[in-house]
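Good morning, and thank you for joining. I would like to take you through a few local features of one model, beginning with a single residue and moving on to helix packing.

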Amino acid sequence: MCGIVGYTGCREAYPILIKGLHRLEYRGYDSAGTALFSENYGNLNIFKASGKVSDLEKAAEGHDRSGSMGIAHTRWATHGSPNVANAHPHVSQSGDITLVHNGIIENYAVLRDQLKAKGFTFKSQTDTEVLVQLIEFIRTTQETDIVNAVRLALTKAIGAYAIVVMDKRTPDVLVAARNASPMVIGIGENDSEFFIASDASPIAEYTNRMVYLNDGEVAVCVKGSPLKVLNLENDSVEAKVKKVNLDLNMLDKGGFPHFMLKEIFDQPNVLKDCLRGRLLPEHQRVILSAVTEHREELLNAKRFIVVSCGTSWHAGLIGKQLIEDFCQIPVEVAYASEFRYANPVVGPGDIVIAISQSGETADTLAAINLAKAKGAMIFGIVNAVGSSIARHTDTGTYIHVGPEIGVASTKAFTGQVTVLIMLALALAHEKKSISTASYQEVLAELALIPEKIEKVLEQNDKIKTLASRYAECRNFLYLGRGVNYPVALEGALKLKEISYIHAEGYPAAEMKHGPIALVDEDMPVVFIATHHQLYEKVVSNMQEVIARKGKILAIVTEGDELVKKMVDEVIEVPQTLNCLAPLLTVIPLQILAYHIAVAKGLNVDMPRNLAKSVTVE
Ligand code: M6R
């Protein structure tokens, strides 16, 4: 979703801003723009383009791009189509003030009418332009400075925002603020330069000293002066500096043609990182510090409620089965977007598990805040360190799989499932609801998962060949049972996200209650049919598809001769325990979706209409 970069200091701003926008491309966007303050002529030079950051670079080519202060933005259209007029930065009526904004100003229509009545005109359809005009209106009518004008304007704005504002009258000063949309400020050399961004990735190569703004805070970044943070009431707030070290190699493709493929292949290594220090097979223990620190609350929980969206919701469905099975604690799994408006029955004694890769998903954040206000304890399973969700939880476990750039989530899913398995095991062990033999068996097998994933990855070429045969299909059905049912949902989501092929996931036994009507010779059906107690029943479901001439691609356990003889294609995964099967069965589905999308010539890492970090509801 939208991305922001800002800089004020002694360096040339333009290269920093453009490089930063490239780093944020993974979030998904459809236009881009930048504004630079040129000291030479006291001008604000603004460049915008619909399309990609490279289009913006072309638009700026040959023009004055000098200046040591500037702001830049990638826009994911919400109010108004993705054209140049709607692209940020937006400029106030006098041309003095420029602003970039992530989020949505919900009362923009009312504010716009009020401003129109005062003589303001608007060049775009955006909610953002309303904010920049409002700031100008306040600055002029109240004869105040830009910092005060921003602060007062924000007291009138309802909604989510992360903004950076620049005023021609006060060169060197960038004003940044946030409410329900992330904003990080990097403090550079000698504390005299500032890098501002919507996440740490554009900043990490310049500094590891970062301040994450909280909701309702305004940061005043003046070249050569210490950072000042205020709240909307104009009181000073302590700027808490955190050391954030991002591995920059993780932000590059590392020789792969796409981030998604790199991230699929990253999985053996990053899952080792996720397990490191937590799974201690030699001591036959799994230790999660959150479980150690909050043992009593967790063991005495009335129930767990998972809140999440998309892929993270699928991981939650697997977590439910594992926690209920191992710990006999009831678990509900809710779409965060539904939970937040459902007036849910939740309160003290409930533990809400928030799962999120980005840690910035607006619906998940709102669900957490609601549950917290009602007295529940919040346990986060998050990837992005220091993200809003991570900071709003009471405790939790990072998945530690490194930055995920491809819009289609892959390694974050397996990381989330791995943490959920460790959580279920750690709780069950404390609760003594699992036998020592089973506990140790799962631990030992979990330690082997990274190398078993390596074996699945070896089939990349085979899956690529298969994919070329499926690229022209219009519909797919994905079926699985038990822990492999959420994997079916995830496989279908991966395919539709990046290949734009309609795909549905179902519990295999549900097929006969409706979806079977769709089955004919043109309908590929992907079965996840690894060895577990329901294997024979899944094989019967395959027979039902075969009887209707459906084409079957089956994910099976290595050495499965029965299914091999029955169906069109099989992909084998190594034998493992049923509770760990999703960590292996999802891998071929990720690879399949990837190669089908590539065969169709689509933009795998940035599929149309999608954003990596969904910071609006
Ligand atoms: O960052 P989050 O895990 O909170 O994101 C939730 C969903 O937006 C995300 O999983 C989405 O469904 C992915 N594009 C799936 O590949």
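**Local environments and helix packing**

If we leave aside the neighbours within four places in sequence, Met 210 is in contact with Val 184, Ile 185, Gly 186, Ala 200, Ile 203, Ala 204, Lys 240, Val 241, Lys 242 and Val 244. I should say at once that this is a predicted model. Met 210 is found in strand 11, which covers residues 209–212. Is Met 210 buried or exposed? Its relative accessibility is 0%, so Met 210 counts as buried. One of the contacts just named, Val 244, is 34 residues away along the chain, and its C-alpha atom is separated from that of Met 210 by 6.7 Å.

Let me turn to Asn 107. This residue sits in the loop between strand 6 (97–105) and helix 3 (108–117). Asn 107 has a relative accessible area of 14% and is therefore buried, the cut-off being under 20%. Which residues does Asn 107 contact, leaving aside neighbours within four places in sequence? They are Lys 156, Ala 157 and Ile 158. With Ile 158 we can be specific about the atoms: a polar atom of the Asn 107 side chain lies 2.9 Å from the backbone nitrogen of Ile 158.

Lys 156 brings us to helix 5, which spans residues 146–156. The buried residues of helix 5 are Ile 146, Val 147, Ala 149, Val 150, Arg 151, Ala 153 and Leu 154. What covers these buried residues? The covering elements include strand 6, helix 4 (128–141), strand 7 (159–167), strand 8 (173–179), strand 12 (217–222) and strand 13 (228–231).

Still in this part of the chain, Gly 119 lies in the loop between helix 3 and helix 4. Gly 119 has 45% relative accessibility and so counts as partly exposed. Its C-alpha atom is 9.9 Å from that of Gln 93, a residue 26 positions away in sequence.

I now come to backbone geometry. Where in the model does Pro 89 lie? Pro 89 is in the loop between strand 4 (69–75) and strand 5 (90–91). The peptide bond from His 88 to Pro 89 is cis, with omega near 0°.

Two further loop residues deserve mention for their phi values. His 400 is not a glycine, yet it has a positive phi of about 55°. Its place is the loop between strand 22 (395–398) and helix 13 (411–431). With 37% relative accessibility, His 400 counts as partly exposed. Lys 549, also a residue other than glycine, has a positive phi near 65°. Lys 549 is placed in the loop between helix 17 (535–546) and strand 26 (551–557). Its relative accessible area is 60%, so Lys 549 is exposed.

The last part of my talk concerns helix packing. Two packed helices are described by the angle between their axes and the distance between the axes.

For the first pair, I take helix 6 (residues 259–275) and helix 14 (residues 436–457), whose axes are 9 Å apart and whose packing angle is about 175°. These two helices are therefore roughly antiparallel to each other, since angles over 145 degrees count as such. On the side of helix 6, the contact is made by Ile 264, Phe 265, Gln 267, Pro 268, Leu 271, Lys 272 and Leu 275. Helix 14 contributes Leu 446, Ile 449, Pro 450, Ile 453, Glu 454 and Leu 457. By class, the contact has 10 nonpolar, 1 polar and 2 charged residues.

For the second pair, the axes of helix 15 (residues 460–470) and helix 19 (residues 582–599) come within 8 Å and cross at roughly 50°. That angle makes helix 15 oblique to helix 19, and the crossing is right-handed. Which residues make the contact? Helix 15 supplies Asn 460, Ile 463, Lys 464, Ala 467 and Tyr 470, while helix 19 supplies Pro 588, Ile 591, Leu 592, His 595 and Ile 596. Their classes are 7 nonpolar, 2 polar and 1 charged.

I close with His 595, which is placed in helix 19. Its relative accessible area is 7%, so His 595 is buried. Not counting residues up to four places away in sequence, His 595 touches Asn 460, Lys 464 and Ala 467. Thank you for your attention.

Notes
Residues are numbered from 1 along each chain as its sequence is written. This is a predicted model: local features need pLDDT of at least 70, side-chain atom pairs count only at pLDDT 80 or more; totals for chains, interfaces and linings use all residues. Side-chain values use heavy atoms; hydrogens and water are left out. Axes are lines fitted to C-alpha atoms, for helices over the stretch in contact, and angles run from 0 to 180 degrees between N-to-C directions. Helices (H or I, at least four residues) and strands (E, at least two) are DSSP runs, numbered from the N terminus. Angles under 35 degrees count as roughly parallel, over 145 as roughly antiparallel, 65 to 115 as roughly perpendicular and the rest as oblique. A crossing is left-handed if the near helix is turned anticlockwise from the far one by less than a right angle, and right-handed if clockwise. Contact means heavy atoms within 4.5 Å. Ala, Val, Leu, Ile, Met, Phe, Trp, Tyr, Cys and Pro count as nonpolar, Asp, Glu, Lys and Arg as charged, and the others, Gly among them, as polar. Buried means under 20% relative accessible area, exposed over 50%, partly exposed in between (1.4 Å probe, protein chains only). A polar contact is a pair of N or O atoms within 3.5 Å; within protein, one must be able to donate a hydrogen and the other to accept it, and residues adjacent in sequence count only if both atoms are side-chain atoms.
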